[in-house]
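Trainee: Got a minute to go through this one with me? I'd like to talk about strands first and pockets after that.

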Amino acid sequence: TGSSITGEESALSSINASSNVVTNPGTLSVSLASDTPASGLAAGNAARYLFTKVNLTTGANPVTIDSIVVKRGGVAQDGAFSSVDILDGNTMLPFDNNSKTFNTNHEATFTKDLTVPANTTWPIYLSGNMATLTNYSGELPTLGISAVTLTGGSTLSASLPITGNYQNLNGTITIGNATISRGSYTNATSTSLEIGKMAYTFFSFQVVANSVEDLAFSQVSVYQEGSAGLSSDMSKFKLLQDGTKVGDGVVNDKYVNFTLASPIIIPKGQTKQFQVQADVTGGTARTIDLGLYRASDLILKGQTYGYNATPSPSGTGSSTANPVLSDNNFTVGNGTLTVERSNTVVADNIGIGNDQVLGAFKLTVKGEPIDVTALTLAITSTTSGTILEDALDSVKLVNAAGTVVAGPVSATSNT
């Protein structure tokens, strides 16, 4: 089996320069991190099990990665992996919205562009979402990078493939798991959710730990399947446990990521309730449909064996496809205009004269700007006939600052 690899071996190192020169191309160095995971024991159904740590290093210019190819090596079979992910070593979140599976060449290609800023060393992890390992126990897989494609004429400096240490697959340990489903704070579907709604619960979920071990909940990535923009139409995302805030959300494209300062322990056999709230700031006629895209987007770490569980979605809103769990769908309605009588002008007798104040109204706009293009005022009197039309002339509508916004017009048919 040999000794563990702890860094890039000099005997395997070479330089592979690439492609065409364009304005401000950069150089990307890709190397095995010195603290890449040592050989260990990978258990069945473990999520985001860390195989390999790689450092991406730039010089004076940023570099955009167009694709990364992850290759499974070692004495093993692809069937031991449900899928694989590339994780940001700083946040431990996946770079790509979709986990990947291996093709017939034992490779998985990640195509979401990744820009590494100038003068930066960015760690990434190659991780495996393990299948049930009963039929693969004792196998020794590795994960490595077999190809990297850059954009903009940048140069790649790397010895490929870059491969981490093998991991020993164990098919006998049963790790803790959980069932996830819609929670008790779920709101009913709405087709007229007003703009301006604050702290509204869009996603409620519950986690039920099984009887094997306690689980520590530390992170969740919530997916927006609807058409409303998480940044443009919504704000102030909060994660709550039974009404108490435990984290603030950070928007990243179609995801809101919550990382808890202190993990919440869910004792084995017990249930915890959570909800995601946000304000609605825009998005007329757009939809909001939050949920979990992948079961592994909810990080639950077993407190006995130390592996991340792969929870099982269940009940209403669950699916074997992605997203695996969704709450109800909400449609953002139009903005609203409320007109009510104002008490700034009281009932009184008036005499003949100019600019006599006849009444005042309060207009309240919520959700979005509203253009008022016409306003009809009905004038009533205890005297019949046209006395009001004869008595009133040059009727104007002014704002609170005294500026004329409509008129003057003459009263016609008591309007």
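Mentor: Sure, we'll take a sheet, then a pocket, then one aspartate, bearing in mind that this is a predicted model.

Trainee: OK, what's the strand order in the open sheet of 5 strands?

Mentor: The order reads β5-β8-β3-β1-β10, and the pairing is mixed. At the edges you find β5 (81-88) and β10 (155-158); each has a single partner strand, so one side of each is left without a neighbour in the sheet.

Trainee: And how much are neighbouring strands turned against each other?

Mentor: On average by 25°, ignoring direction.

Trainee: Let's follow β8. In which sense does β8 pair with β5?

Mentor: Antiparallel: β8, residues 121-130, is joined to β5 over 7 bridges. If you want one pair to click on, V84 has G128 in β8 as its bridge partner.

Trainee: How many bridges join β3 to β8?

Mentor: There are 8 bridges between β8 and β3 (residues 49-58), and those two strands run antiparallel as well. Here a pair to look at is N55 with P123 in β8.

Trainee: Is β8 mostly covered or mostly open to solvent?

Mentor: Mostly covered, as 9 of the 10 residues in β8 count as buried.

Trainee: Switching to pockets. What volume does the second largest pocket have?

Mentor: About 510 Å³. The lining has 28 residues, and D88, L93, P94, F95 and N252 are the closest to the centre of the pocket.

Trainee: Which strands supply at least two residues of that lining?

Mentor: That would be β4 (63-75), β5, β16 (215-224), β19 (250-252) and β20 (255-266). The largest share comes from β20, with 4 residues. Notice that β5 shows up again: an edge strand of the sheet also helps to line this pocket.

Trainee: How does the lining divide by residue type?

Mentor: You get 13 nonpolar, 8 polar and 7 charged residues.

Trainee: Last topic, D297. Where is D297 found?

Mentor: In the loop between β23 (290-292) and β24 (298-302).

Trainee: Buried or exposed, then, for D297?

Mentor: Buried: the relative accessible area of D297 is 1%, against a cut-off of under 20% for that label.

Trainee: Which residues is D297 in contact with, leaving aside neighbours within four places in sequence?

Mentor: The contacts of D297 are R48, Q219, V220, S221 and Y255. So for your notes: D297 sits in a loop, yet D297 is buried.

How values were computed. Residues are numbered from 1 along each chain as its sequence is written. This is a predicted model: local features need pLDDT of at least 70, side-chain atom pairs count only at pLDDT 80 or more; totals for chains, interfaces and linings use all residues. Side-chain values use heavy atoms; hydrogens and water are left out. Two strands pair if DSSP finds at least two bridges between them. Axes are lines fitted to C-alpha atoms, for helices over the stretch in contact, and angles run from 0 to 180 degrees between N-to-C directions. On a 1 Å grid over the protein atoms alone, a cavity is a set of points where a 1.4 Å probe fits but cannot get out, and a pocket is an open set with protein on both sides within 12 Å along at least five of seven lines; lining residues have an atom within 4 Å of a point. Grid points are joined across faces, edges and corners, and a volume is the space filled by probe spheres set on the points. Ala, Val, Leu, Ile, Met, Phe, Trp, Tyr, Cys and Pro count as nonpolar, Asp, Glu, Lys and Arg as charged, and the others, Gly among them, as polar. Buried means under 20% relative accessible area, exposed over 50%, partly exposed in between (1.4 Å probe, protein chains only). Contact means heavy atoms within 4.5 Å.
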